[in-house]
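Got the viewer open and a selection box ready? Let's take a short walk through this one.

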Amino acid sequence: MDSTSPPFFKRGLPPPVRLAIFSGLALLLMVVDGHYHYLNTLRNTLAVVINPLQHVMNAPVRLASQVSSFFVVQGRLRGENADLKDKQLLLAGQMLQFQALQAENARLRSLLAAQKRYTQKTTMAEILYSGRDPFARKIIIDRGSLHDVKPGQVVADDVGVVGQITRVNLGVSEVTLVTDKDQAVPVQNLRNGLRAVVFGNGQEGTLDVPFMPVNADMQPGDQLVTSGIDGIYPPGLPVAIISKVERNAAYPFAKISCTPSAGTDRERQVLILSAVQSAPIPPRPQEPPPQTVKHGKR
Amino acid sequence: MASAKTTLSKPASGRFILFTLALGLLANLVPWNGMAKLLWPDCIALLLVYWIIYQPRHVGLGTAWFLGLLMDIADGVLFGQHALAYTLMAYMAQILHRRLQMFSPWQQSLYVFGLLLISLVIMLVTRLAFGAAFPGPLYFASSVIGAVLWPSLSLLLRLPQHRKPRPDDTYTKLINK
């Protein structure tokens, strides 16, 4: 007897073959994307298409938050107002000092004929939502290429560095937080000027300082600020505070963990700092005229 | 299942399936902050499992793969991550679909939990292989929530297919004779 099924039971390829085909395709895509990075531009283009949809879906969430903020208790508002007034007074006093110092600094710098430190142009942005990928620590902000945002710019809030812009669309851009895995920030210890690099480890609220020798002068409570030697991060922005230092002579490096200064889960507003204009590269020296070496006759 | 009511229902139209999948895609795009992001169930995966169980000739591995690709694009993550996870999950659902059709929604939700967990584990493994960090045990929470929501979801999806008893139905006439 013929054991093949009659044609009206046919359903195309058998399921295991389909499984092999489709998972093979998925694996192929993964390798092309993850290993060779061929699909980055495609992804950025598609993100522009998807963006309006995400805005639509974000609308109810924003509405809910607006409604809830409308019903804030008045007492809390008054307390907040008083606090802000106090802070304002304090800052005004510091500002007077700051202006005096700035004037003095400018004079000294001009005396030294030092290169004028650029004044930072900042753009205010609002956090729209955090990225949907649970494996990456990213946030989406409401400023994009329409507002002159460029990849690589540094994002900070009022207390410290938040992250770096990694992807820019028309109206929104994506910020990779300092806590994202392998996101590196060159820092300096405020206490003694020791330079290091802070790495994110993918966990919320902790950062690592790897590759520091066991006897490095790093203590809990030390503040780490950007060193500025990388030419991307402006110098002097707070990044993290060292929380724990483990020195084990069995390992070549000390295990230093710290907590980031900026809180990306609390604030809604952030600042995009304009790209650092690093010192102009000195002009290429004039090439000496090609020396015509006269060879003697052999 | 003796307790389960066996009611004849209309087959779901392809247009209805497409509509629910589009709704699921939109529901997956809701941008949550913090904790809610991890707890929000994967609506596309739930709908895929449902339609594979009840409409295995309309929805299969191809649909799963394509929807996975759409999710990869929507999330802006590694291409093929959701596609692989959904394809494998859909294959297992296909193997189980005859058995699952017999179960009550709460019994089904146990299997659904397993299927969702498998898709999450596949995504975790692929991302770890490409150098991401483990996002913590709460990452698996969405599969529990998805399984808990399963009975109400299947009730909701079955509503439009209920056949209204028509008085001029030949069958009812024959019975009532």
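Here is a tour of the strands in one chain, then a stop at a residue in another.

Before clicking, note that this is a predicted model, where local features need pLDDT of at least 70, side-chain atom pairs count only at pLDDT 80 or more, and totals for chains, interfaces and linings use all residues. Residues are numbered from 1 along each chain as its sequence is written, while chains are lettered from A and ligands numbered from 1 in the order in which they are written.

**Stop one: the barrel in chain A**

Select residues 184-189 of chain A, strand S6, and residues 195-200, strand S7: the two pair antiparallel over five bridges. (Strands are DSSP runs of E with at least two residues, and helices are runs of H or I with at least four, numbered from the N terminus; two strands pair if DSSP finds at least two bridges between them.) Look for A:Pro186 opposite A:Val197 of S7(A). Five residues sit between the strands of this hairpin, and among them A:Gly193 has a positive phi near 75°.

Now go to S6(A)'s other partner here, S9(A), residues 223-226: three bridges join them, again antiparallel. A:Asn189 faces A:Leu224 there. From S9(A), three bridges lead on to S10(A), residues 238-246, also antiparallel, with A:Val225 partnering A:Pro238.

Show the whole set: six strands of chain A close into a barrel, ordered S6-S7-S8-S11-S10-S9, with antiparallel pairing.

**Stop two: chain B**

Select B:Leu70, in helix H4 (residues 61-75). Buried or exposed? B:Leu70 is buried, because 20 other C-beta atoms lie within 10 Å. (Buried takes 20 or more such atoms within 10 Å, exposed 12 or fewer, partly exposed in between, with C-beta atoms placed from the backbone.) Add B:Leu25: 45 residues away in sequence, its C-alpha is 8.4 Å from that of B:Leu70.
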